[in-house]
Amino acid sequence: MAIYTKEEARKILEKALSFSKADTCEINLSGTNSGNIRYARNTVSTSGYSSNQSLAVQASFGKKSGTATIDEFDDASLEKVVRRAEELANLSPENPEFMEPLGPQMYDESISYSEATANITPEYRAEVAKSGIEPAAAQDVTAAGFFNDSAGFSAMINSKGLFAYNKSTDTDFTVTMRTNDGTGSGWVSRDFNDVTKFDASAASKTAIEKAVLSREAKAIEPGKYTVILEPAAASDLLRNMFGSLDARSADEGRSFMSAADGANKLGQKIVDERVNIWSDPLNPEVPTSTWNGEGQPLKKTSWLENGVVKNLAYDRFWAKEKGVDPVPFPSNVIMAGGDQSLEELIKGTKKGILVTRLWYIRSVDPQTLLYTGLTRDGTFYIENGQIKYPVKNFRFNESPIIMLNNLETLGKQVRIDGNLIPYMKIRDFTFTSLSDAV
Amino acid sequence: MKRRDFVQYAGLGAGALMMPSLLLGKDIPTEALLEPGMDALVKKRMADVALNTAKSMGATYADARIGRYLNQYVFTREDKVQNVVNTESFGIGIRVIANGTWGFASTNSVTEDGIQKATEQAVAIAKANSKIQTDPVQLAPVNAYGEVSWKTPIKKDFKEVPVSEKVDLLLSANAAALDNGADYVNSALFMVNEQKYFASTDGSYIDQDIHRLWPTFRVTAIDKAAGNFKTRENMSAPVGMGYEYMDGLESEKLDGPAGLRLYRNSYDMVEDATIAAKQAKEKLTAKSVDAGKYDLVLEPNHLGLTIHESVGHPLELDRVLGYEANYAGTSFATLDKLKSGTFKYGSDVVNLVADKTQVGSLGAVGYDDEGVKTKKWDLVRNGTLTNFQAIRDQVHMIDQNESHGCCYAQSWDDVQFQRMPNVSLEPGKDKYSISEMIKDVEKGIYIAGRGSYSIDQQRYNFQFGGTVFYEIKNGEIVGMLEDVAYQSNTQEFWNSCVKICDESDYRLFGTFFDGKGQPSQSSAVSHGSSTTRFNDVNVINTGRTV
């Protein structure tokens, strides 16, 4: 399937819109090509390629809406899908929370597309796998990994004169290296919009080193420890905090962001004053589309500033109810970091635990944002500024809010899963039991 | 955290949060759900295009899956319908073996041209990957079944039940919750119909029509002055049944402890919502648990998730072998433990079976997604580990020559692989009721419904919460508890199993969303059990102040 250009997409969308007889009409068009390779036991296992495109029409009469979708774009198909959406709108109950489509908007030009990523071949994917498998096999280590690439576009138009277009690419890579004696395991994750920034060999080497270093871990007592969380570990816990940014849930009293007497925590200091978190679709390290599915422009937005809740996300309906401007949810997360490298953070730690990543994180109490989960693939004891030995994995029960109040030091930022998250040193992180898992 | 997951998670309201993105196909009008779809003869012709193209390009094996996935979801909150969504997804996935290596490609262009191109892509991937292949694929033999079909035995097709009837039922349940003290209630009905056509170069053409349904709700009670809230979710299970599950038959209800109502093969949503509202309120002032050792009495709709995580997953052969090492993990239940024939997974009363045929279960199909007829087999017998779950390309690694028939792909555009069958705990043989079990416990906790769940990547250490918790003292329920989670080790836990209620208490737990694989795929699976007692389990208090 072709990735349509802005003009090709506009032509299809304008044609579809020309068939509309509804009060308002909004049409989204998107397409994605994606390919992947999976390997395990030092050999390739499954791989695949898929290609999808679709056009969705939302037609509305008053507060009644209907949606219909199609994957063929000739004139007859376009007219058929518009008629279908209109028929469905006529049959639907009124939605008291219906919001009319937005009028024309100004969008920044996004930087989320890379031609090199769009041109990835099956041979390239096989090379990625090979660059992990060969060095692993040479060191009595077994590689299991996954590389996925995608290229796509999305565009929208509506009867109020709005038009938006974006194309983007993405790559995701993870590899787990396990020593063949079954006592060591290491892991890395890399993701980029532009595949030319990706070094599969270097990433695989890091995972192999971690696997070898983590062999024959010692058991130490669970309890409260100073931890250095690698960005992958920190990011997993922070994700859950961002799920609570929704203003409506907060105002309704059913979120961590709810406060006593029906208020919310906007303007309250909830974590250490060194915590600053924002989103920015134009950050060159983590670029995203500059508009969302409703056609709202996405701009740089501050969420936590000096530990204070600066914004909550208001959808258009809730913003109207509350008499405020809508605030769209972020498309990425950037947390301010410091200057220290991982090595420097370790050097400055008297006693602590280095955590590579966290696993199987689940909510225990949505009121306090308490989460449980386990460490995985490289957990090490630090003493007097040095890694002393690997330790067995722990189960933790911890809240990201408590964690960010117990902040010791912020280190350098790293891109992880489309976000920029720093290394962080945290005191009194709560480990509640030991796990035998490697 | 994947950015797209994060954005989905963050950008949706509470109701929409209950709808995972993977279920979304393209939207269609309600009446289009009843359209028959492609005729089986045409599907056969299309599938043959894929098989013939693959063979002509040098593939030694090929299968084609033409899938039409029809879904309907109804979402409400309080007195409002938030959304009625009908979706259809249609396409073909082609899997081949060339040079001893798997290749897969899919397309939603189910035409001769589209299928040929996708097949060429699948073969090209197989050939590119064969250069780094060191362990060529070996398939266990399978019968050629010719042209056969299978259908979930349903009484009422959800597609024929008017949307207004479904909306009325959800709004009635919401009203019952609000009348009984709930501040908010979200409810939803998920209905799924998979129309799957499978063909392979081994000589099978299999047409299947599979139905699943899941009613859910979440009731929230708020202490506004304090800024606290508690939720209570439904006690229903997702089922491999038709809309008849929603009939609320009295004959399928059981009386649980402390006024609980428990449901077998028929669900009374209004009654459950009424009880849920009262319990959500009660949770706001329930006693916080004292951490320590307790005897646990676990209700089937709770225990099912513990079975899923601590038995279902560790006994998947692909995990044991390391195929899932980079994502879900491996397993403590290693090959040598199976081969020893003496590994005590649990106490003598523990019998765990895998089953792809159980009527009403989510896993029930006639044939799996690589054309193997389904069956039932033992995993743990009298506490001893006896088998794993395996499919055609891996079963030879445990010296068996017949696939267990548990291969599945979530859609036509995903490659099929080994997925968990229904894994269930057999009921106790002697007559024994829930009330008798509670009477026998001195210091314990009764836990019903699913809650928080987490387990490590080799399935040793786990922690589970629940929906409602009741303290048992000297054989009696003395009150509700909160902040309860239990932590244990799989082998230790199953060896602490002392007693299982009889089959009159047997019920199925289930989930639509068992995640595995890369790219991640969801699979629906049920787990049956009767109420079961485990002695001396470590309980922690999860209350915190922030």
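Visitor: How many helices and strands does chain B have in this model?

Guide: In this predicted model, chain B has 28 strands and ten helices.

Visitor: How compact is chain B for its 546 residues?

Guide: The way to judge is to set the radius of gyration against the globule rule, which gives a value for a chain of a certain length. For chain B the radius of gyration is 24 Å and the rule gives 24 Å for 546 residues, so chain B is as compact as a globular protein of that length. Along the principal axes, its C-alpha atoms fill a box of roughly 70 × 55 × 45 Å.

Visitor: What percentage of the residues in chain B is buried?

Guide: Burial is read by counting neighbours: a residue is buried if 20 or more other C-beta atoms lie within 10 Å of its own. By that count, 59% of the 546 residues in chain B are buried.

Visitor: And what share of the contacts in chain B joins residues 24 or more positions apart?

Guide: Among contacts in chain B with a separation of 6 or more, 75% are between residues 24 or more positions apart.

Visitor: Next, the interface. How many residues does each chain give to the contact?

Guide: Chain A gives 91 residues and chain B gives 70. On the side of chain B that touches chain A, the largest share comes from strand β4 (residues 101-107) of chain B, with seven residues. Sorted by class, that side of chain B holds 33 nonpolar, 26 polar and eleven charged residues.

Visitor: Which strand of chain A is joined to β4(B), and how do the two run?

Guide: To read strand pairing, look for bridges; two strands pair if there are at least two between them. Here strand β2 (residues 43-61) of chain A and β4(B) run parallel and are joined by three bridges. In one of these positions, Tyr49(A) has Ala105(B) in β4(B) as its bridge partner.

Visitor: Into which domains is chain A divided?

Guide: Chain A is divided into domain 1, residues 6-211, and domain 2, residues 217-438. The C-alpha centres of these two domains of chain A are 26 Å apart.

Visitor: How many residues of each domain of chain A are in contact with the other?

Guide: In chain A, 25 residues of domain 2 are in contact with 28 residues of domain 1. On the domain 1 side, the elements of chain A that give two or more residues are β4 (141-158), β5 (163-179) and β6 (185-192). The largest share on that side, five residues, is from β6(A). By class, the domain 1 side of chain A has 15 polar, nine nonpolar and four charged residues.

Note on methods: Residues numbered from 1 in each chain as written. Chains lettered and ligands numbered in written order. Predicted model: local features only at pLDDT ≥ 70, side-chain atom pairs only at ≥ 80, totals over all residues. Contact = placed C-beta atoms within 7 Å. Helix = DSSP H or I, 4+ residues; strand = E, 2+ residues; numbered from the N terminus. Nonpolar A, V, L, I, M, F, W, Y, C, P; charged D, E, K, R; others polar. Domains from an automatic or database assignment. Rg over C-alpha atoms; globule rule 2.2 N^0.38 Å. Buried ≥ 20, exposed ≤ 12 C-beta atoms within 10 Å, placed from the backbone.
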